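Q: I would like to learn how to read a small fold, one feature after another. Could you walk me through this one?

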Amino acid sequence: MKVLALDYETTWQEWNDGIARIAEGHGIAAPEVLYRRCHQPVADMVEELSALVDAEGVGLVIVDSV
């Protein structure tokens, strides 16, 4: 399952490292994470994000620091 991380504070590398550590601790493969650095409210990006989720087959969206 692909995961989309919408983030307002950190970097792709921090997300990637954290998810890799969590997956390793559970003995599973890390999911593919699509990262997007955000600078505007999610409401202003709904159409664009919806298209991305559909095109990429994203199964989970994480919004960090709403």
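A: Gladly! Helices and strands here are DSSP runs, at least four residues for a helix and at least two for a strand, numbered from the N terminus. Keep in mind that this is a predicted model. Read along the sequence, the protein chain goes β-α-β-α-β.

Q: How many helices and strands does the protein chain have, and what does the C-alpha trace span?
A: There are 2 helices and 3 strands in the protein chain. Along its principal axes, the C-alpha trace spans about 35 × 25 × 15 Å.

Q: How should I read the sheet, and in what order do the strands stand?
A: The general idea is that strands of a sheet pair through backbone hydrogen bonds, either parallel or antiparallel. In this structure, 3 strands form an open sheet with the order β2-β1-β3, and the pairing is parallel. β2 (33–37) and β3 (58–64) are at the edges with a single partner strand each, so one side of each has no neighbour in the sheet. From one strand to the next, the twist averages 20°.

Q: How many bridges join β1 to β2, and how many join β1 to β3?
A: Strand β1 (residues 2–7) pairs with β2 in the parallel sense over 5 bridges. The parallel pairing of β1 and β3 runs over 6 bridges. For landmarks, find L6, which stands opposite R36 in β2, and L4, whose bridge partner in β3 is V61.

Q: Where do the helices go relative to the sheet, and at what angles do they run?
A: For such angles, read each element from N to C, on a scale from 0 to 180 degrees. Helix α1 (residues 12–26) packs on the sheet and touches β1, β2 and β3, with its direction at about 150° to that of β2. Helix α2 (residues 46–56) lies across β1, β2 and β3 and runs at about 155° to β1.

Q: How do I judge burial, and how many residues of β1 are buried?
A: A residue is called buried under 20% relative accessible area and exposed over 50%, with partly exposed in between. β1 is mostly covered, with 5 of its 6 residues buried. Across the protein chain, buried residues make up 23% of the 66 residues.

Q: Let us try single residues. Is L34 buried or exposed, and which residues is L34 in contact with?
A: L34 belongs to strand β2. Its relative accessible area is 18%, so L34 is buried. Setting aside neighbours within four places in sequence, L34 is in contact with K2, V3, L4, A5, E56 and V58. L34 and W12 are 22 residues apart along the chain, and their C-alpha atoms are separated by 8.7 Å.

Q: And A30: where does A30 lie, and what is in contact with A30?
A: Look in the loop between α1 and β2 for A30. With a relative accessible area of 43%, A30 is partly exposed. Beyond neighbours within four places in sequence, A30 is in contact with I19, A20 and A23. From C-alpha to C-alpha, A30 and Q40 are 28 Å apart in space, though 10 residues apart in sequence.

Q: What can I say about the whole chain, its contacts, surface and charges?
A: Of the contacts between residues at least 6 apart in sequence, 76% join residues at least 24 apart. The protein chain exposes about 4,500 Å², with carbon and sulfur atoms supplying 54% of it. There are 4 positive and 12 negative side chains, and the centres of the two sets are 3 Å apart.

Key. Residues are numbered from 1 along each chain as its sequence is written. This is a predicted model: local features need pLDDT of at least 70, side-chain atom pairs count only at pLDDT 80 or more; totals for chains, interfaces and linings use all residues. Side-chain values use heavy atoms; hydrogens and water are left out. Buried means under 20% relative accessible area, exposed over 50%, partly exposed in between (1.4 Å probe, protein chains only). Contact means heavy atoms within 4.5 Å. Accessible areas come from the Shrake-Rupley method with a 1.4 Å probe; for residues, only the protein chains shown count as cover. Lys and Arg count as positive and Asp and Glu as negative; His and the chain ends are not counted. The place of a charge is taken as NZ of Lys, CZ of Arg, CG of Asp or CD of Glu. Two strands pair if DSSP finds at least two bridges between them.
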